Amino acid sequence: MKPLLFTGLLSVLVPVLSGCSAVEPWDRGRLAHDVMAWDIDPLKASLDNHIHHSKEGSSGGGAAAGGGCGCN
């Protein structure tokens, strides 16, 4: 029973521990690609967020303050 448990534990731990690695400074440029971003166009995302808060008449979760009229 013990060799089977050891083999099962080893087969789970090896892939998990091999995923932990440090990213070298010269590899960070590839990881910081636009495809990896939540919003590809930050200006459009900011504008959409402003329009959403203006139409909803509320603010929260963002840095914008103001009423439903769209003025700050």
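How far apart are the end C-alpha atoms of α3, and what should its 15 residues span at 1.5 Å a residue? I looked this up before anything else: the end C-alpha atoms of α3 are 21 Å apart, which agrees with the 21 Å that its 15 residues should span, the expected span being 1.5 Å times one less than the number of residues.

Basis of the entries. I am working from a predicted model, in which local features need pLDDT of at least 70 and side-chain atom pairs count only at pLDDT 80 or more, while totals for chains, interfaces and linings use all residues. Residues are numbered from 1 along each chain as its sequence is written, and side-chain values use heavy atoms, with hydrogens and water left out.

Confidence. I noted an average pLDDT (the predictor's confidence in each residue, from 0 to 100) of 76 for the protein, with 78% of the residues scoring at least 70. Among the elements, α2 (residues 28-31) has the lowest mean pLDDT, 79, and α3 the highest, 85. I keep in mind that where pLDDT is low, the predicted coordinates should not be read in detail.

Elements and surface. I found three helices and zero strands, in the order α-α-α from the N terminus; helices (H or I, at least four residues) and strands (E, at least two) are DSSP runs, numbered from the N terminus. Buried residues make up 3% of the 72 residues, where buried means under 20% relative accessible area, exposed over 50%, and partly exposed in between (1.4 Å probe, protein chains only). The protein exposes about 6500 Å², and carbon and sulfur atoms supply 66% of that area, by the Shrake-Rupley method with a 1.4 Å probe.

Helix α1. Its 17 residues reach 24 Å from the first C-alpha to the last, close to the 24 Å expected, and the number of buried residues among them is zero, so α1 lies largely in the open. I checked Leu17, which is found in α1 (residues 2-18) and counts as exposed at 57% relative accessibility. Leu17 joins Leu9, Val12, Leu13 and Val16 in a nonpolar patch on the surface, with about 470 Å² of accessible area together; such a patch takes nonpolar side chains (Val, Leu, Ile, Met, Phe, Trp, Tyr) within 5 Å, from residues with over 30% relative accessible area and no salt bridge.

Helix α3. I counted one salt bridge, defined as a side-chain nitrogen of Lys or Arg within 4 Å of a carboxyl oxygen of Asp or Glu. It pairs Lys44 with Asp48 at 2.7 Å, N to O; being four residues apart in α3 (residues 42-56), the two are separated by about one helical turn. Lys44 is partly exposed at 47% relative accessible area, and Asp48 is partly exposed at 36%.

I then turned to Ser54, also placed in α3, which is buried with a relative accessible area of 16%. A polar atom of the Ser54 side chain lies 2.9 Å from the backbone oxygen of His50. Just after α3, Gly57 takes a positive phi of about 75°.

Terms used:
Patch = residues over 30% accessible without salt bridge, like charges linked within 9 Å, V, L, I, M, F, W, Y side chains within 5 Å. Polar contact = N/O pair within 3.5 Å; in protein donor to acceptor, adjacent residues only side chain to side chain.
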